Amino acid sequence: MADALLLAPTSLGAYLLVAAVLFVAGVVAVTTRRSAIGVLIGLELMFNAAGLQMVAYSRFRPGIAADGDLAALFIIVVAAAEAGVALALLHAAYRQRRDIDLELHRDLRQ
Amino acid sequence: MTAALLFWICAGTAMAGALGAAVVRNLFQAALLLGLSLVGVAGLYLFLDAGYLACVQLIVYVGGVLVLILFATLFSSDVLGLVQRAPRWAMPVGAVSALLAAGVAWRLADAGLRAVSAAPAATPSPATPLGDLLIGPWLVPFLAAAALLTLALVAAVALVQRFRLPEDDRG
């Protein structure tokens, strides 16, 4: 049963594989990018991985109805709000240092 | 067969776009690759019978969030990635974090697959229309999301606003 679920096209395992690759790519982008936009892109990738998993589990686990769809919908809402605030923050940071390289904003730690 | 081919095209687009967005030097290209990945995920939503989500993904994510990110690349002094070399710690840190994230994802997927295959193969319940769920059990999160969006909008405007105190005018 577990083998049948794994990696046959349009099985739960295939969706989980895609979500895992998206999540790993997002983590790598967040940890290695120097530019704040690169970090933002990584965050969006991780949001997408989470949403995809929600919908996939909602389809393959009987009796959960469409709750996963709504969770993914709320993830998209949160991501949209986050992108708007992030752009405003980047604008504020840019006004101070004329760049959004995160190395230039190290003093925020203090 | 055709369905499997289409599925793997969507899945491959999503995965290749994500990996490209994570490693490519040019930030503008990274944002465009993110868009490619988002479109691939929208295709996967279609395979999951979530047509509404696929539409929302395309309209809000590709049409809204991606445009914001492309706009934000204008703030970077080195969009093309020509000037700055990747820092020396980028490779080891990236490799370690990738391994950790892959480990977490593997454990979660393993547990999830076990739980699903152990569940009784009940007849799939008919999908409840999303609107019924939103007005019913999801009402509080729905209203909270509305409040969150309003708050984010006002906060974004407040952050980019130049507040000037009266004393500033003298200097």
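What percentage of the 110 residues of chain A count as buried? In this predicted model, the share of buried residues in chain A is 55%. Chain A consists of four helices and zero strands, and it meets chain B across an interface of about 6,700 Å² of buried area. The points below cover the fold of chain A, the interface, an aromatic cluster and one buried arginine.

**Fold of chain A**

- Read along the sequence, the elements of chain A follow the pattern α-α-α-α, with zero strands.
- Contacts between residues 24 or more positions apart make up 47% of the contacts in chain A that have a separation of 6 or more.
- Helix 4 of chain A covers residues 67–97, which amounts to 31 residues.
- From its first C-alpha to its last, helix 4 of chain A reaches 44 Å, close to the 45 Å expected at 1.5 Å a residue.
- Arg98(A), just after helix 4 of chain A, adopts a positive phi of about 65 degrees.

**Interface between chain B and chain A**

- The contact involves 80 residues of chain B and 76 residues of chain A.
- Carbon and sulfur atoms give 78% of the area of about 6,700 Å² buried between the two chains.
- Leu48(B), Phe75(B) and Leu113(B) together supply 11% of the area that chain B buries against chain A, more than any other three residues.
- Zero salt bridges are counted between chain B and chain A, whereas eight residue pairs are in polar contact across the interface, with both residues at pLDDT 80 or more.
- On the side of chain B that touches chain A, at least two residues come from each of helix 1, helix 2 (27–47), helix 3 (51–72), helix 4 (90–118), helix 5 (130–135) and helix 6 (139–160).
- Helix 4 of chain B gives the most to that side, with 15 residues.

**Aromatic pairs around Tyr15(A)**

- Over all chains, the count comes to seven aromatic pairs.
- One of these pairs joins Tyr15(A) and Phe60(A) in a tilted arrangement, at 6.0 Å centre to centre and 50 degrees between the planes.
- Tyr15(A) belongs to helix 2 (residues 12–32) of chain A and Phe60(A) to helix 3 (residues 36–60) of chain A, so this pair ties together parts that are 45 residues apart in sequence.
- Tyr15(A) counts as buried because its relative accessibility is 1%, whereas Phe60(A), at 24%, counts as partly exposed.
- The ring centres of Tyr15(A) and Phe7(B) are 5.1 Å apart and their planes stand at 85 degrees, so this pair is edge-to-face.
- The pair crosses between chains, from helix 2 of chain A, which holds Tyr15(A), to helix 1 (residues 2–23) of chain B, which holds Phe7(B).
- Both partners of this inter-chain pair, Tyr15(A) and Phe7(B), are buried.
- Ring pairs join Tyr15(A) and Phe60(A) with Phe7(B), Trp8(B) and Phe47(B) in a cluster.

**Arg33(A), a buried loop residue**

- Arg33(A) is placed in the loop between helix 2 and helix 3 of chain A.
- Its relative accessible area is 12%, so Arg33(A) is classed as buried.
- A polar atom of the Arg33(A) side chain lies 2.7 Å from the backbone oxygen of Val24(B).
- Neighbours within four places in sequence aside, Arg33(A) is in contact with residues of chain A including Val28(A), Gly38(A), Val39(A) and Leu102(A).
- In chain B, the contacts of Arg33(A) include Ala21(B), Ala22(B), Val23(B), Val24(B), Arg25(B), Leu27(B) and Ala30(B).

Definitions and conventions: Residues numbered from 1 in each chain as written. Chains lettered and ligands numbered in written order. Predicted model: local features only at pLDDT ≥ 70, side-chain atom pairs only at ≥ 80, totals over all residues. Heavy atoms only, no water. Expected span 1.5 Å × (residues − 1). Phe/Tyr/Trp six-rings, centres within 6.5 Å; stacked < 30°, edge-to-face > 60°. Buried < 20%, exposed > 50% of the residue type's maximum accessible area, 1.4 Å probe, protein only. Contact = heavy atoms within 4.5 Å. Buried area = accessible area lost by both parts, 1.4 Å probe. Salt bridge = Lys/Arg side-chain N within 4 Å of Asp/Glu carboxyl O. Polar contact = N/O pair within 3.5 Å; in protein donor to acceptor, adjacent residues only side chain to side chain.
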